[in-house]
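Colleague: Please take a close look at the nonpolar core and the aromatic rings. Keep it simple for a first-year student.

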Amino acid sequence: MFLEQITLSNIYMIVGFLISMYSCVSNDVIQTLGTYLTTSKKMPTWIIWAFTSAVLVITITTGWIVNHGDMSFGRLERIPFPETFTLIHVLPPIILLFLTKYGIPVSTTFLILSIFSANDVSVIGMILSKSIIGYFLALVVSIIIYTIIARPVERYFYYTQKKKISKWWVAAKWLSTAFLWSQWLMQDAANLFVYLPRKASFGELLFVLIGFVGFLWIVAYRRGGEVQKIIKMKTNVQDPRSATIIDLIYAFLLLYFIQLNNVPMSTTWVFIGLLAGREIALYHRLRFESPKKMYKHILKDLTKVTFGLVVSIAVVMVLIKFELVKDFFMSHFM
């Protein structure tokens, strides 16, 4: 167990893991719990926390059992576990936490995993390729689905949103949230557990669950934070019925990519692509808003994630160069 021997490397590992866990969940909460938080504004914080924590504990524990101690669901097979952790491994999640504060949906996958894959450019290339494919696949799938259901389904939801919604739809929203939350945990597990041994002991599992559940309380209390604004600007997402459909489409897209291969990917790109396709289809079928406003939102979201990607890659390159320079001076002048 990694807590048995407290060394500087272990301290960096534990601190990096805890910051990474909170920053990843905070930055990606719009994808997984965003619609749930939006449609549960009147729900007590403790119920939201208990529900999301229960799904998390079941998902991670099941993965740990089925994969014989591997909490990452095999997503880290191509990414080696560092022999020694340094400050360079802690800085990416700290930067991610800072960018999340300002509502920038940074690519957590690139920012966190690239530091650990710096010696293998092919892995970074595969992550980038899968993420971009995810955006365009989600865009196309979303356009097709919402072009079909916009008039018979979404228009009905829009004009009946002030009426009392059936409890069956509320139950469906909770179930779809549980499904999506579990799929996201399986897909983004690499970002969360890259700091931990690839085969975790029961003590390490318990440490992870306690830390994760604690951080979820903060997320539930803040109702998502700044990045939640991306969800709130979309058409009719406050309606649990519309939110349920969004969650199901997104969850099945993640399930597809989970089954496709074990290469990690930026789920942010998939989510932004889904929302973009939805807005395009709803505009062309229902004309709820002006084309200028619709395309402005789409371009703004795409600009944010692209900016986040560029920042992620730039930060990683600077940190790697800094590490190389530091090693050079340490070996030649110390």
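Modeller: One term comes up early: contact means heavy atoms within 4.5 Å. Keep in mind that this is a predicted model.

Start with Phe193. Leaving aside its neighbours within four places in sequence, Phe193 touches seven residues by that rule: Phe17, Ile60, Met71, Ser72, Leu76, Arg198 and Val208. Phe193 also belongs to the largest nonpolar core, which has 89 residues. Inside this core, Phe193 is among the residues with the most contacts, along with Leu56, Met71 and Phe212. Helix α12, residues 267–286, gives the most to the core, with 12 residues.

Now the rings. Phe193 forms one aromatic cluster with Phe17 and Phe207. The whole structure holds 15 aromatic pairs. One of them joins Tyr36 and Phe51, with 5.4 Å from centre to centre. Their planes stand 45° apart, and the pair is tilted. Tyr36 sits in helix α2 (residues 34–39) and Phe51 in helix α3 (residues 45–66), so the pair ties together parts that are 15 residues apart in sequence. Are these two rings buried or exposed? Tyr36 is buried, with a relative accessible area of 0%. Phe51 is buried as well, at 16%. Buried means under 20%, so both values qualify.

A second pair is formed by Tyr135 and Phe136. The pair is edge-to-face: 5.2 Å centre to centre, with 90° between the planes. Tyr135 is buried, at 7% relative accessibility. Phe136 is partly exposed, at 48%.

Note on methods
Residues numbered from 1 in each chain as written. Predicted model: local features only at pLDDT ≥ 70, side-chain atom pairs only at ≥ 80, totals over all residues. Heavy atoms only, no water. Core = buried A, V, L, I, M, F, W, Y, C linked by side-chain atoms within 4.5 Å. Buried < 20%, exposed > 50% of the residue type's maximum accessible area, 1.4 Å probe, protein only. Helix = DSSP H or I, 4+ residues; strand = E, 2+ residues; numbered from the N terminus. Phe/Tyr/Trp six-rings, centres within 6.5 Å; stacked < 30°, edge-to-face > 60°.
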